[in-house]
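Work through the exercises below with the sequence and the model open beside you. Each task is followed by a solution that goes step by step.

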Amino acid sequence: MFDNLRRLFAALSPSSRADEEVRPDGGVVSEESARQPDSGSDPGPVGRVTEALNSRFGSDFTESSVFWLLPFLLMALFVYGAIIWNLLISLTDYRGFANAPDYSNLDFEMYARALGDPGFIDAAINTFVLLIGFTGVTLVVGLVLAILIDRGIRFENSFRTIYLLPMSLSFVVTAQFWLWMYNYNNGIVNSVIGVFGLGPVSWLGNQAVVLPAIIFALMWQFSGYAMVVYLAGLRAIPSEHYEAAKVDGASTMKMYWRVIIPQLKGATISAAVVLMVFAMKAFDFLYSLVGGYRPPNGADILATKMVREAYANLNWAYGSAIAIVLFAMALSVIGPYLVYEYRRDNL
Amino acid sequence: MATLELDSVTKVFQDGNDEIVAVDDVSASVDDGEFLVVVGPSGCGKSTMLRMIAGLESITSGTLSLADRVINDVKSQDRNIAMVFQSYALYPHMSVRENMSFGLEESTDIPDDEIQQMVSETGELLGISELLDRKPSELSGGQQQRVALGRAIVRDPEVFLMDEPLSNLDAKLRAQMRTELQRLQDDLGVTTIYVTHDQTEAMTMGDRIAILNDGRLQQISTPLECYHKPANKFVAGFLGEPSMNFFDVTLQDGVLRGDSFEYPISSDVQANLGDTTDLVLGIRPEDIELVESASGDHDFETVVDVIEPMGDENTVYLQFDPDAGEDAETLIASTDGFTRVPEGDEVIAQIPEDAIHIFDRATGDALHNRSLDDAETIDLE
């Protein structure tokens, strides 16, 4: 198939490629000199375009396009096309059962409405708290677990599996059994704190504690992931660094604080980005917790708000505007990470 | 700065149900300001010994004392020692300055500005002042080595421990650093224990060398004494390149009988041997003379097998009996670089009696060492 394409390609750009030497392994030797148009022969319009593209994007740009162009176009249409379409919708006043949005009158009315909506402000703050609180707590717990396991405790492998296991569970499952554990009357959490004479606390009903309770549940699910990332980072640090720090007179705490943990910067950034993305996708967890778009009071986040506005209230344009805000937040997390990785030549 | 004393120090590692003795009953005393080189083949326990002194490995039995204080159970944080690692172990996230000040910050209460002062002075001493603000990854191997050294020196510890610190450098730089380290140690006068597998480092750097094999201390003495008066066959074979020639011989009527030759010995030498008759004859390659014609009992006809020209000298592989093929006993001789001996030629190898070593074949102990009458200028003590 590739051969046919190449023949077709050769036919389209007659002069410059016809004399190329075909290697026995089927590849084509494209010498720099071979692409210089000979004086007197016309490269043709396609040839000129290929020439320009190749000199801009690298010598095999057009030739390799057979492999990447189709997936690239599909991705562009269904991901980035959809985002742009969503942005357009957010600029209209589309709502209710109208057949199609009216694109003739675009303005930022929906964004203004969002800023004036206390529900939106609350959801944005909750999203932010969840993002920071969940990521921070999970990283700290993961780091402590990783350090303990790295110090060669017994049953190391079993502990690693036990901690990592919750991550393999679906949000739907974990939400359901945290719902049971947080149950006001007979949940295990209230039973346990009842032993110490505390509670019972309405974990999911009390606006003040519902968000920390949800952060705790999510932390339980993802600290194993942070632990594995940190464990890999710890294993990459040569044991001489621990020994050098000890001989230098540092106590165990100081050794970790000043020598080991600073070397885990890369692991921290990778884990933090993944955890933040999970935090923004906490929609699944909240949806499963209550079985609907309306999470407990005090735990509404932008993702639930967006879906509720769009599909429950049919405020299509308003939902789109919230989606764009959420998208911008995600981008502000991923963007710096990509720049960081690019600077370190990892991309 | 203090005397370090090892008394019957033993280290046993548990590997499942097996016990692996890494260091076996080593006793040694390192004087204040002394430079002791510990040398031995890979896996002889020399690094384990160093790590025990550093407090990074526990001591199974025996006592380790520093300045008359037993430090078996003192944590390495509190031992006031500094160690230079083979891999340097510089903290990659800290600048050179931070690397060097870390130890002082952690182990002393010296105020920050004084620490910075000390770091700058050490930097000048080692010629790394302009590197102080760089990260280790921006330094060459030789510069990293200097920083690792500076990190130890700035601490002004009671003992320096060095674990093959020069083995990651190229040959030229290694020779240069060897001299510099010696000069530094002389100036600072800090008790130093230096582990290496490189016998050139062992011979040239130390005040004394300790030779370890299989966790056991073979000999601890000055480099020249170890070289000329080895305590046993292992030491004799380990020091010197190319190494000493060994031949299994049996003593009969004042004659050492080997597979390919007979070597008569004088009554003086014989007196050292006692009743032992199963012996090993040893002779250093540089003591063998190649002569024109056989003139005595200690001259042997040989055939040149291979010549390795080194420039300043040639290493010549001689065969006693070329007809024996693979099994032929080979004698290695060093001659100066200008002597030309074509391969395949017959030459006479002279083995002077005053240069031979004789070892007990069963125990390996040296029974007779070369005489040093012609080397009065060498100070062995």
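**Exercise 1. The contact between the chains**

Determine how many residues each chain gives to the contact, and which residues of chain A supply the most buried area.

Solution. In this predicted model, the contact draws 17 residues from chain A and 23 residues from chain B. Next, take the area: about 1,700 Å² is buried between chain A and chain B, and carbon and sulfur atoms give 56% of that area. Finally, divide the part that belongs to chain A among its residues: A:V247, A:D248 and A:R258 supply 40% of the area that chain A buries against chain B, which is more than any other three residues.

**Exercise 2. Polar pairs and the elements that carry the interface**

Count the salt bridges and polar contacts between the chains, and establish which elements of chain A touch chain B.

Solution. Four salt bridges are counted between chain A and chain B. One of them can be inspected in detail, since the side chains of A:R258 and B:E105 form a salt bridge with an N to O distance of 2.7 Å. With both residues required to be at pLDDT 80 or more, 11 residue pairs are in polar contact between the two chains. On the side of chain A that touches chain B, the elements giving two or more residues are α12 (239-247) and α13 (252-260), and the largest share, seven residues, comes from α12(A).

**Exercise 3. A helix of chain B and its cover**

List the buried residues of helix α2 of chain B and identify what covers them.

Solution. Helix α2 of chain B spans residues 96-107, and its buried residues are B:V96, B:N99, B:M100, B:S101, B:F102, B:G103, B:L104 and B:E106. Their cover includes elements of both chains: α12 and α13 of chain A, together with α3 (112-126) and α4 (141-153) of chain B.

**Exercise 4. Chain A as a whole, and a patch on its surface**

Describe the secondary structure and burial of chain A, then decide whether A:V79 is buried, partly exposed or exposed.

Solution. Chain A has 17 helices and zero strands, and 38% of its 347 residues count as buried. Taking contacts between residues at least 6 apart in sequence, 62% join residues that are at least 24 apart. The chain exposes about 19,600 Å², of which carbon and sulfur atoms supply 66%.

Turning to the single residue, A:V79 lies in helix α5 (residues 61-90) of chain A. A:V79 counts as partly exposed because its relative accessibility is 35%, a value that falls between the cut-offs of 20% and 50%. A:V79 also belongs to a nonpolar surface patch of about 740 Å², made together with A:L70, A:L74, A:M75, A:L77, A:F78 and A:Y80.

**Exercise 5. Two loop residues compared**

Place A:T92 and B:S295 in their chains, and work out for each whether the residue is buried or exposed.

Solution. A:T92 sits in the loop between α5 and α6 (109-115) of chain A, and A:T92 is buried because its relative accessibility is 0%. Its side chain reaches the backbone oxygen of A:I89 at 2.6 Å. Once neighbours within four places in sequence are set aside, A:T92 is in contact with A:P101, A:D102, A:Y103, A:N105, A:L106, A:M110 and A:A317.

B:S295, by contrast, is exposed, with a relative accessible area of 64%, and occupies the loop between β15 (289-291) and β16 (299-309) of chain B. The C-alpha atoms of B:S295 and B:I348 are separated by 9.4 Å, although these residues are 53 apart along the chain.

**Exercise 6. Backbone geometry**

Find what is notable in the backbone at A:L314, B:N80 and B:P242.

Solution. Begin with the expectation that most residues other than glycine have a negative phi, and that most peptide bonds are trans. A:L314, in the loop between α16 (302-312) and α17 (316-343) of chain A, has a positive phi near 60°; at 17% relative accessibility, A:L314 counts as buried. B:N80, in the loop between β5 (69-70) and β6 (81-84) of chain B, has a positive phi near 55°, and at 32% relative accessibility B:N80 counts as partly exposed. Lastly, the peptide bond from B:E241 to B:P242 is cis, with omega near -5°, and B:P242 is found in the loop between α8 (233-238) and β11 (245-252) of chain B.

Terms used
Residues numbered from 1 in each chain as written. Chains lettered and ligands numbered in written order. Predicted model: local features only at pLDDT ≥ 70, side-chain atom pairs only at ≥ 80, totals over all residues. Heavy atoms only, no water. Patch = residues over 30% accessible without salt bridge, like charges linked within 9 Å, V, L, I, M, F, W, Y side chains within 5 Å. Areas by Shrake-Rupley, 256 points an atom, 1.4 Å probe, with all protein chains shown as cover. Helix = DSSP H or I, 4+ residues; strand = E, 2+ residues; numbered from the N terminus. Buried < 20%, exposed > 50% of the residue type's maximum accessible area, 1.4 Å probe, protein only. Contact = heavy atoms within 4.5 Å. Buried area = accessible area lost by both parts, 1.4 Å probe. Polar contact = N/O pair within 3.5 Å; in protein donor to acceptor, adjacent residues only side chain to side chain.
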